[in-house]
Amino acid sequence: MKVWSLGSGSRGNGIVIASGGRAILVDCGFGPRALAMRLKRIGLVPEMIEALVLTHEHQDHADGAARAQHKFRWPVYASAGTHRGVSDIPAKQRHLLSAASSVSVAGFVVESVAIPHDAAEPLAVAVTAESSGARLGIAHDLGAVPPALERLFARCDALLLEAN
């Protein structure tokens with residue numbers, strides 16, 4: 001598994017996860033042009049991304065999601081609350097993540113749990129590469145650590161945490 005942070009902070013967040021020739025993007029706080037430039041720096045192009053996973057609807061995590069989805073036709077995985085907050089994504093491209101769920105996404109298993117944050121239905125995720133079994137935990141804007149998050153991240157090989 002390879003992981004790249006395309007940015008982390010109030011100006012935009014995005015994490016690329018690749019394994020076995022497949023790649024997904026977690027959060028999309030950049031417009032399509034800026035996203036393409038950031039991907040180019042790591043040797044990727046947007047067409048290599050097979051799906052977008054959104055942790056929550058705040059601008060720094062989802063501002064470019066709808067525009068990138070329209071341009072690159074990615075399926076978007078998010079909680080119902082996040083989908084309501086990013087309403088410009090076509091219904092057929094919306095896939096539901098719920099707290100304590102597990103979903104297969106483009107060669108990865110994405111597990112999610114609810115986290116405390118001032119968003120509609122924010123989630124932390126653990127992403128496991130089906131090709132290697134490598135496991136990455138991601139939690140953005142984390143204000144506290146609920147027991148479910150500890151359990152989700154217990155078997156991770158690496159963690160990406162952002163706290164406020």
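Two strands are counted as paired if DSSP finds at least two bridges between them. With that in mind, a reader can turn to β7 and β8, which form a hairpin with two residues between them, and in whose turn Ala106 has a positive phi of about 50°. The model described here is a predicted one, and its mean pLDDT is 91, with 98% of the residues reaching 70 or more. Among the elements of the protein, β3 has the highest mean pLDDT, 97, whereas helix α2 (residues 59-62) has the lowest, 79. Where pLDDT is low, the predicted coordinates should not be read in detail.

**The sheet of six strands**

One open sheet consists of six strands in the order β1-β2-β3-β4-β5-β6, and the pairing within this sheet is mixed. Its edge strands are β1 and β6 (94-96), each of which pairs on one side only. From one strand to the next, the twist averages 25°. Helix α1 (residues 32-41) packs on this sheet, where the helix touches β1, β2, β3 and β4, and the direction of α1 makes about 140° with that of β1. Within the sheet, β3 and β4 pair in the parallel sense, and Ala23 has Ile49 in β4 as its bridge partner.

Ser10 lies in the loop between β1 (2-7) and β2 (14-19). Ser10 counts as exposed because its relative accessibility is 72%, where the cut-off for exposed is over 50%. The C-alpha atoms of Ser10 and His61 are 8.6 Å apart in space, although the two residues are 51 apart in sequence.

**The two sides of helix α1**

Which residues of α1 are buried? They are Pro32, Leu35 and Leu39. Seen down the axis of α1, these buried residues fall within an arc of 60°, and therefore they line one face of the helix. The cover over the buried residues of α1 includes β1, β2, β3, β4 and α3 (65-72). On the other side of α1, by contrast, Arg33, Lys40 and Arg41 are exposed. After α1 comes Gly43, which has a positive phi, near 85°.

**The sheet of five strands**

A further open sheet has five strands in the order β7-β8-β9-β10-β11, again with mixed pairing. The strands at its edges are β7 and β11 (158-163), each pairing on one side only. With direction ignored, neighbouring strands of this sheet are turned by 15° against each other on average. Two of its pairings involve β8: Ser102 has its bridge partner in β8, namely Glu111, while Ser112 is partnered with Val125 in β9.

The table sets out three strand pairings, drawn from both sheets.

| First strand | Second strand | Sense and bridges |
|---|---|---|
| β3 (residues 22-26) | β4 (residues 49-53) | parallel, three bridges |
| β7 (residues 101-105) | β8 (residues 108-114) | antiparallel, five bridges |
| β8 | β9 (residues 123-129) | antiparallel, seven bridges |

In general, strands of a sheet pair through backbone hydrogen bonds, either parallel or antiparallel.

**Cysteines**

Are Cys28 and Cys156 buried or exposed? Cys28 is buried because its relative accessible area is 1%, and Cys156 also counts as buried, at 17% relative accessibility, given that buried means under 20%. A disulfide requires a pair of cysteine sulfur atoms within 2.5 Å, and by this rule the count comes to zero disulfides.

Terms used. Residues numbered from 1 in each chain as written. Predicted model: local features only at pLDDT ≥ 70, side-chain atom pairs only at ≥ 80, totals over all residues. Heavy atoms only, no water. Helix = DSSP H or I, 4+ residues; strand = E, 2+ residues; numbered from the N terminus. Buried < 20%, exposed > 50% of the residue type's maximum accessible area, 1.4 Å probe, protein only. Axes fitted to C-alpha atoms, helices over the stretch in contact; angles between N-to-C directions. Contact = heavy atoms within 4.5 Å. pLDDT = per-residue confidence, 0-100. Arc of directions from axis to C-beta.
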